[in-house]
Structure formats: structure tokens, C-alpha cells
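Got your viewer open? Grab the mouse and come along for a walk through this one, stop by stop.

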Amino acid sequence: MTEMTAGYLPFHAAPKVPDYVPPAGAVDAHCHVFGPGDVFAYAPERKYTPCDAPKEQLFALRDHLGFARNVIVQASCHGKDNAALVDALEASNGMARGVAIVGADVTDDELRALDDAGVRGVRFNFIKRLVEATPHAVFERIAEKVARLGWHIVVYFEGQDLDEVAPLVRRLPGIVVVDHMGRPDLTAGVEGAGFRAFMDFLAEDARYWVKVSCPERLTVAGPPYDDVVPFARALVERFPDRVLWGTDWPHPNMKSHVPDDGALVDVIPRIAPTADLQRRLLVDNPMRLYWPEEGA
């Protein structure tokens, strides 16, 4: 068994049943599978080694929380080896879609195989503590290849890096989804220059979507994440047809606390205060992006 990075916090062993009941067909649109490491090896170049978090536990959590579907996102600890992701997608009976990590040398045949398995997007990571820097030209070559399949692109960066990443995003084809609200600096407030710049950036182009996820990762105050709610709610109310939500299970590299996934679900009605906004966030938007063949 692969040994976890020292100090790594495993996911919550017994999350609560949420008080909030998601609408029928709700999608957890950002989660991961890790290993198990003795079956799906972690990448040699990884910056951390997580606890194993296999598909069986992810699907059990989905049911426990009252969700119907998952979007499984490849994380940096597995690098460009998407085997664990594909295995989970193939075991989901069509109830999961995926976002992969690939290199510029990926072939059309490899991309078609990922598409057949249920992958619908590719992730570009700009978090410097997690990945080595990659020239923007490499991302553009990948984007050109995946655009032929109708995939979208997911970008992960921190708020202070918006000016560096935005020019690339503007050049990318198709829909671009920003992870975790662009990781704003909460101490500057929802009216701070950084978050206002991010909101203005999203308003530039209807191709730009955003995940209102990870209050546990962004918070300064801690649970119940009161300091994150105004940011997420501002995004949901301004861009109701371009927002997604996810647990981020199993919460890799959390340092402050182990989040209770049931408590995270209970944040949803605080950031999407009407039934209409909740349905768009949890059902309509992710279905349109990941299961468009199923219609409205």
C-alpha cells in the first residue's frame, strides 16, 4: 500500500446526512477518485500522495448525500495516467462523466477512447505548488485537439494569477470552466478589487463558467463557511446558467480541518436561495454540459 504524505488528512469517515435535500437528478460536478494505489499507481512526478479514495466509496457518498450523478475530475496526483478515472466512469452505468489530464502528445485515438469512456473535458492546472509550470502554447495545442470532440476545458488557478491566465483563457476554444471560484482572497471581501475583476472577467464571454465549490478550501473563518457564502451567492445570482457545484471529495491537501460532506451540501441553499437557482446549479447546468444527449 502506498504511504500517504506526512500530515495528509484523510476524508471524513462518517459525514452527516444533509439537512438540505437536493433536487432529483442532482449532480456532484467536482469530485475525484484516488487509486487504490496498488491497482492504479500514483504519478512519479506528483507533489503529494493522497489516501486511497476508490470509486466504490465515491458512489456510496453520492447516494448518502442524495445525489444522482458525478463528474470525476482527474487530479495531479495521478498525472496524465487516467486509468483510475476511466475505471470509475466505466463502472458508473453512465451516471458519471469525467475531466481528464492529457499532454500535448496525446493522440486522436487516445482521446476517442477517453471520450468513449465518458470523458467530456480536459483540465489545465496553474497551481504552482501542485504542478510544474507549462508553456501556454502547450495548453493551446491540447485545446485544439480536444475541441474536435466538443470537449470543454477546466482551468484551476488562484485569484492573484488571473491576469496571467486570462489571456490564455481568451484564446481557448469552446466552454471554459473555472474551478473553485477562481480561488479569491476572502480577506479582501466580496467587493474587493480581486473578486470584482474576476466577476468582470466572467462577464466578458458567455463561454466562461465557474464552479462555486470548495468553501472548506477557501474559508478563513472555518465551518460553517459564512465568509465564503457571499462570494458563491454573488456568482450564482449573476451567472445562474453558468455555475456548477461539487463536493471536491476526498478533499486532497486540506490542512485546516476534515470537511463533513453533509455539511457542505447544507451550504447549497445559502448560496442558491431559491428552488430555481438550486435546480440550475445542481441539475440543469451540469446536465447541459456533461449529458447534453439527454436533452432538457
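The tour goes from the whole chain to the sheet, then to a few side chains.

**The whole chain**

Before you click anything, keep in mind that this is a predicted model. Show the chain as a cartoon and you should find 11 helices and 8 strands. The radius of gyration is 18 Å, close to the 19 Å that the globule rule gives for 296 residues, so the chain is as compact as a globular protein of that length. Turn it around: along its principal axes the C-alpha trace spans about 45 × 40 × 40 Å. Now colour by burial, and 57% of the 296 residues come up as buried. If you switch on contacts between residues at least 6 apart in sequence, 78% of them join residues at least 24 apart.

**The sheet**

Next, select the strands. They form an open sheet of 8 strands in the order 1-2-3-4-5-6-7-8, with parallel pairing. Which strands sit at the edges? Look for strand 1 (27-31) and strand 8 (243-244), since each of these pairs on one side only. Zoom in on strand 1 and you'll see 3 bridges joining it to strand 2 in parallel. One spot to label here is D28, which stands opposite N70 in strand 2.

**Strand 5 and its neighbours**

Move along to strand 5, residues 152-156. Is this strand mostly covered or mostly open? It is mostly covered, with 5 of its 5 residues buried. Show the side chains to see both faces: H152, V154 and Y156 point to one side, I153 and V155 to the other, and all are buried.

On one flank, strand 4 (residues 119-125) runs parallel to strand 5 and is joined to it by 5 bridges. Pick N125 and find its bridge partner in strand 5, Y156. Strand 5 also pairs in the parallel sense with strand 6 (residues 176-178), over 3 bridges. There, V155 stands opposite V178. Add helix 5 (residues 162-171) to the selection: strand 5, helix 5 and strand 6 make a right-handed β-α-β unit.

**Helix 2 and the loop before it**

Select helix 2 (83-90) and, just ahead of it, the loop that runs from strand 2 (69-73) and holds D81. At 42% relative accessibility, D81 counts as partly exposed. Draw a distance from the C-alpha of D81 to that of V102: the two residues are 21 apart along the chain, and the atoms are separated by 8.0 Å.

In helix 2 itself, the buried residues are A84, L85, V86, A88 and L89. What covers them? The cover includes helix 1 (55-65), strand 2, strand 3 (96-100), helix 3 (108-117) and strand 4.

**The rings**

Last, show the aromatic side chains, where the structure holds 9 aromatic pairs. Take F195 and F231: the ring centres are 4.9 Å apart and the planes are at 75°, so this pair is edge-to-face. F195 lies in helix 6 (residues 193-203) and F231 in helix 8 (residues 229-238), so the pair ties together parts that are 36 residues apart in sequence. Both F195 and F231 are buried.

Two more ring stops. Select F124, F126 and F139, which ring pairs link into a cluster. Then hop to W291, where the charged end of R69 sits over the ring, 4.8 Å from its centre.

Methods: Residues are numbered from 1 along each chain as its sequence is written. This is a predicted model: local features need pLDDT of at least 70, side-chain atom pairs count only at pLDDT 80 or more; totals for chains, interfaces and linings use all residues. Side-chain values use heavy atoms; hydrogens and water are left out. Buried means under 20% relative accessible area, exposed over 50%, partly exposed in between (1.4 Å probe, protein chains only). Helices (H or I, at least four residues) and strands (E, at least two) are DSSP runs, numbered from the N terminus. Two strands pair if DSSP finds at least two bridges between them. A crossover is right-handed if, with the strands pointing away from the viewer, the path from the first strand over the helix to the second runs clockwise. Rings of Phe, Tyr and Trp (its six-membered ring) pair if their centres lie within 6.5 Å; planes under 30 degrees apart count as stacked, over 60 as edge-to-face and the rest as tilted. A charge sits over a ring if NZ of Lys or CZ of Arg is within 6 Å of the ring centre and within 35 degrees of the ring normal. The radius of gyration is taken over C-alpha atoms; the globule rule is 2.2 Å times the number of residues to the power 0.38. Contact means heavy atoms within 4.5 Å.
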